[in-house]
Amino acid sequence: MLGFVLDFERPIVELEKKIEELKMLADSEHLEVKDEIQRLEKKANHLRKNIYSRLNRWQRVRLARHPDRPYLLDYIKYFITDFIELHGDRLFADDPSIVAGIGKFRDRSIVIIGHQKGRTTKEKIRRNFGMPHPEGYRKALRIMKMGAKFGIPIVTFVDTSGAYPGIGAEERGQAEAIARNIKEIATLPVPILTIITGEGGSGGALAIAIADRILIMENAIYSVISPEGCASILWRDASKSSKAAEALKLTANDLLDLKVIDGIISEPLGGAHRNKEGAAALIAEEIDRFLKETEDFDANELVRERLNKFYKMGIFNGN
Amino acid sequence: MKWFRRKRKLKPPEERKIVPDGLWQKCEGCGEILYRKELERDLFVCKKCGYHFRIGSKEYIKILLDGELKEQDTTITTTDPLHFDGYVKQIKETQEKKGLKEAVVTGEGEIGGFEVEFAVMDFGFRGGSMGSVVGEKVKRAILRAIEKKIPLVIVSSSGGARMQEGILSLMQMAKTGSALAELEKARIPYISILTDPTTAGVMASYSSIGDIVISEPGALLGFAGPRVIEQTIKQKLPEGFQRAKFLLEHGFVDTIVDRKELRDTVITILRFLLQKK
Ligand SMILES: [Zn+2]
């Protein structure tokens, strides 16, 4: 059932397997192993808490990239009804690495935008591993503007290793697309919520992460550069990624300390990939809260506060 | 196909010098030995091949402004928010070596009698990278342009966000982009001048979206660095890829202007946008 297991998850997975085996044994042969199962389950719980509360930054990075982690289309299934995906930037093409659409969240209309990595090899390639081209960002902006036009709140989901570095992307103005998104989204007169669900990869993430409230999931990351990229620049050695991850301060708690995000969404014990439905429920609560809190928004006030929020970011001496 | 004269290959960006020193200077474009004083008179453009040497903020102030720059925000300084190994030392060494406080200088000046808010970056200062101070200074320059109702002129040269300030550097893109949104709503003209090189986080925040985008000839411009692209696609990039002409042809630069014409062009544009005689 479990596809991909990270090294530090292994002890838990092994214990869980043993429990499963014991349970099957208890069922089929009516053996009195209840006590043993209970004991092992207690142990497993303890182990989970122990391991997941002490993850280092590199382990978080690997969880954020876990191939079984829920993606936007998974979440949409859990809490969006009447979802209609909208394609294309009306200029060049449709970019499947960004999903954009409209739907209902608990009877409220919202615009949904987000990166989408693929699950199977074929889908990964079709979605370019969640690395958008300019047309992806232009599609996102187009649909967000439509939402703004009709006063519909926007929720964006961030999960990308970055904007794609390729020939076509440069030819069609990757930098311009990202710059324009930042500038235009900054003053869209509707409430915007961003949830970083996996990898927040630099400008490729930021281009859809300009929001009134920015939340990050417990095991997600947000960084100016990948640990591998940082390591290869600093030490010309991509294998020192663990060291680079520590230096970059890219975990949820780091980002909260640096006042770059507004809050952390906790994940089910063991991570979102081990309980997708549970993770979706926790995200849904935050969307619900945001929509309620911004229900009677004043557009001018909202935009003013959004601009001020970003104006304050950064740390320096003097004034 | 090899019958025409082959162009000399440009050196990779990190090997090219910023403002040549010494009595003589070899042209990076054609190999010609140039007399330094003459080169300076030519605004650091090779008289033989037109190669534009990289120059710094001081030179651009001299080339573009009528007189002095009334520099602003000189008291905000770089700190080390991430406790990034070696960062404090690197900044201190660069400051001493370059005689600059940070990778951008901002303030008010006049161009052809027009008062402008002016920001100019220095590639010589840690690759013109944008950390908290650069972002803050550029934001403040943009907001002053709105307050004073004067046009904004930014001369960019940067390798992107500053890694050593991590996520805070990325947020400077959001900060400067947000300020540009306000500038737009205030209908204040913004002339963006791109010089070699302007890439990544700076190109993807404020440099690429001026009302008018001017580039110096031959400047390397783009989002991803050529080496990263080559590593990703596992093939060599074509000659001229991501150079000024390439961007012009793909519709991302309004005009390519020689350094010698830069000041006059900016004045002409200002006269037009401000509807002055
Ligand atoms: Zn020359």
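**Exercise 1. Locate A:Ala169 in this predicted model, and determine whether A:Ala169 is buried or exposed.**

Solution. A:Ala169 belongs to helix 7 of chain A. The next step is to count neighbours: 25 other C-beta atoms lie within 10 Å of A:Ala169. A residue is buried if 20 or more other C-beta atoms lie within 10 Å of its own, so A:Ala169 is buried. Leaving aside residues up to four places away in sequence, A:Ala169 touches A:His133, A:Pro134, A:Ala163, A:Tyr164, A:Gln174 and, in chain B, B:Phe223. A:Arg236, in turn, is 67 residues from A:Ala169 in sequence and 26 Å from A:Ala169 in space, C-alpha to C-alpha.

**Exercise 2. Describe the side of chain A that touches chain B: which elements supply at least two residues each, and which gives the most?**

Solution. The contact draws 45 residues from chain A and 49 residues from chain B. On the side of chain A, at least two residues each come from helix 7 (167–171), helix 8 (174–186), helix 9 (202–206), strand 7 (221–223), helix 10 (227–234), helix 11 (241–248) and helix 14 (299–311). With nine residues, helix 8 of chain A gives the most to this side. By residue class, the side of chain A that touches chain B consists of 28 nonpolar, eleven polar and six charged residues.

**Exercise 3. Identify the buried residues of helix 11 of chain A, and state how they are placed around the axis.**

Solution. The buried residues of helix 11 of chain A are A:Ser241, A:Ala244, A:Ala245, A:Ala247 and A:Leu248. Around the axis they cover an arc of only 165°, and therefore they lie on the same side of helix 11 of chain A. Their packing partners come from both chains: helix 3 (57–64), strand 7 and helix 10 of chain A, together with helix 5 (166–185) of chain B. After helix 11 of chain A comes A:Lys249, which has a positive phi near 50°.

**Exercise 4. Determine how helix 4 of chain A and helix 13 of chain A are oriented to each other, and which residues meet.**

Solution. The axes of helix 4 (residues 72–79) and helix 13 (residues 276–293) of chain A come within 9 Å and cross at roughly 75°. Angles of 65 to 115 degrees count as roughly perpendicular, so helix 4 of chain A and helix 13 of chain A are roughly perpendicular to each other. Helix 4 of chain A brings A:Asp74, A:Tyr75, A:Tyr78 and A:Phe79 to the contact, where they meet A:Lys276, A:Glu277, A:Ala280, A:Ile283 and A:Ala284 of helix 13 of chain A. The residues of this contact are six nonpolar, no polar and three charged.

**Exercise 5. Classify A:Ile261 and A:Lys259 by their C-beta neighbours.**

Solution. A:Ile261 lies in the loop between helix 12 (252–257) and strand 8 (263–265) of chain A, and A:Lys259 is likewise found in the loop between helix 12 and strand 8 of chain A. A:Ile261 has 23 C-beta neighbours inside 10 Å and therefore counts as buried. A:Lys259 has 14 C-beta neighbours inside 10 Å and therefore counts as partly exposed. Apart from residues up to four places away in sequence, A:Ile261 touches A:Ile214, A:Leu215, A:Ile216, A:Leu255 and A:Leu256. A:Tyr222 is 39 residues from A:Ile261 in sequence, while the two are 9.7 Å apart in space, C-alpha to C-alpha. As for the backbone, phi of A:Lys259 is positive, near 60°, in a residue other than glycine.

**Exercise 6. For chain B, find where B:Arg187 lies and which residues a cis peptide bond joins.**

Solution. B:Arg187 lies in the loop between helix 5 and strand 7 of chain B. Phi of B:Arg187 is positive, near 55°, and the residue is not glycine. B:Arg187 has 10 C-beta neighbours inside 10 Å, so B:Arg187 counts as exposed. The cis peptide bond joins B:Asp196 and B:Pro197, with omega about -15°. B:Pro197 is found in strand 7 (residues 190–199) of chain B.

**Exercise 7. State how each chain is divided into domains, and how far apart the domain centres lie.**

Solution. In chain A, the domain assignment gives domain 1 (7–54) and domain 2 (61–311), with C-alpha centres 35 Å apart. In chain B, the division is into domain 1 (11–53) and domain 2 (55–273), and 22 Å separate their C-alpha centres. The contact between the domains of chain B takes ten residues from domain 1 and 15 residues from domain 2. On the side of domain 1 of chain B that touches domain 2 of chain B, eight residues are nonpolar, two are polar and none is charged.

Terms used:
Residues numbered from 1 in each chain as written. Chains lettered and ligands numbered in written order. Predicted model: local features only at pLDDT ≥ 70, side-chain atom pairs only at ≥ 80, totals over all residues. Domains from an automatic or database assignment. Contact = placed C-beta atoms within 7 Å. Helix = DSSP H or I, 4+ residues; strand = E, 2+ residues; numbered from the N terminus. Nonpolar A, V, L, I, M, F, W, Y, C, P; charged D, E, K, R; others polar. Axes fitted to C-alpha atoms, helices over the stretch in contact; angles between N-to-C directions. Parallel < 35°, antiparallel > 145°, perpendicular 65-115°, else oblique. Buried ≥ 20, exposed ≤ 12 C-beta atoms within 10 Å, placed from the backbone. Arc of directions from axis to C-beta.
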